[in-house]
Amino acid sequence: PVGMIRVLSGSRLIQESLTLALGNLLLRRAVVLVADYPLGSALALLPGVQGPCVVKTASDSPYYLSDLVALGPAGLVLEGAGLDFLRWTLQQVSEGQRVLPRLGEVGLTRKERAVLRLLVGGVCNDAISAHLGISPRRTANLVSTVKRALGAETRADVVLRYFGLAPEPIIKATLQKTGNFSLPHEVETA
């Protein structure tokens, strides 16, 4: 029997495009492709998926990717991988194989990871304390530790870094080194 690909995404356009692009692929058994668009939607979609699953994501953040892998997909395809690699991954997963990148240690304790996920969800310190059953002071210390570990100054920075969207701090680094800022390319003025 030939399996089908079912595409899930937070974007109907992405869902329809991938369904068209992969519609002629013959698989040994059915596979669900979770297209992580918009970024982060796979975290909500994966828990409801039944059967073998592949996630296609634009993030390269080890924090986010670790959370995705913990939800159990059999395959993970990162941005930049072409359609041929996506097809190959879907075929491998349909044959019972796992295709996952090697992820390094993220350097956070289990409690710090829990705080990170809550911060990304927009949860305030008081609610983090209540959710984890820890004191407000312990929560504040954990939030500071997480921000420091990610190199983030604000909660917004934490979210950007979690998803792998934080731009390199070019302006800040340039200001610290030179005392002034110029664009990284030449700009002529009249």
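This passage walks through one strand, one helix and the salt bridges of a predicted model.

Strand β3, made of residues 53-57, is a good place to start. The strand is mostly covered, with 5 of its 5 residues buried. Cys53, Val55 and Thr57 point one way from β3, while Val54 and Lys56 point the other way. Strand β3 also has partners. Strand β2 (residues 31-35) pairs with β3 in the parallel sense over 4 bridges, and here Val32 stands opposite Cys53. Strand β4 (residues 75-78) pairs with β3 as well, again in the parallel sense and over 4 bridges; in this pairing Val55 stands opposite Leu76. Together with helix α3 (residues 62-70), strands β3 and β4 make a right-handed β-α-β unit.

Helix α7 comes next. Running over residues 136-150, this helix has 15 residues and reaches 21 Å from its first C-alpha to its last, close to the 21 Å expected at 1.5 Å a residue. Its buried residues are Thr139, Leu142, Val143, Val146 and Leu150. Seen down the axis of α7, these residues fall within an arc of 100°, so they line one face of the helix. A general rule helps in picturing this: an α-helix has 3.6 residues a turn, so residues three or four places apart point the same way. The face of α7 turned away from the buried side carries the exposed residues Arg137 and Arg148. Covering the buried residues of α7 are, among others, α3, α5, α6 and α8. After α7 comes Gly151, whose phi is positive, near 70°.

The model contains 4 salt bridges. In one of them, Arg12 joins Glu16, with the closest N and O atoms 2.9 Å apart. The two residues are 4 residues apart in helix α1, which separates them by about one helical turn. Arg12 counts as exposed, at 63% relative accessibility, whereas Glu16, at 40%, counts as partly exposed.

Another salt bridge brings back strand β3: the side chains of Lys56 and Glu79 meet at 3.9 Å, N to O. Lys56 lies in β3 and Glu79 in the loop between β4 and α4, so the pair ties together parts that are 23 residues apart in sequence. Lys56 is buried at 11% relative accessibility, and Glu79 is partly exposed at 47%.

Helix α3 also returns, through a salt bridge between Asp67 and Arg113 (2.3 Å, N to O). This pair links distant parts of the chain, with Asp67 in helix α3 and Arg113 in helix α5, 46 residues apart. Asp67 counts as buried at 9% relative accessibility, and Arg113 counts as buried at 12%. Asp67, Arg113 and Arg117 are linked in a network of salt bridges.

How values were computed
Residues are numbered from 1 along each chain as its sequence is written. This is a predicted model: local features need pLDDT of at least 70, side-chain atom pairs count only at pLDDT 80 or more; totals for chains, interfaces and linings use all residues. Side-chain values use heavy atoms; hydrogens and water are left out. Buried means under 20% relative accessible area, exposed over 50%, partly exposed in between (1.4 Å probe, protein chains only). Two strands pair if DSSP finds at least two bridges between them. A crossover is right-handed if, with the strands pointing away from the viewer, the path from the first strand over the helix to the second runs clockwise. The expected span of a helix is 1.5 Å times one less than its number of residues. The arc is that of the directions from the helix axis to the C-beta atoms. Contact means heavy atoms within 4.5 Å.
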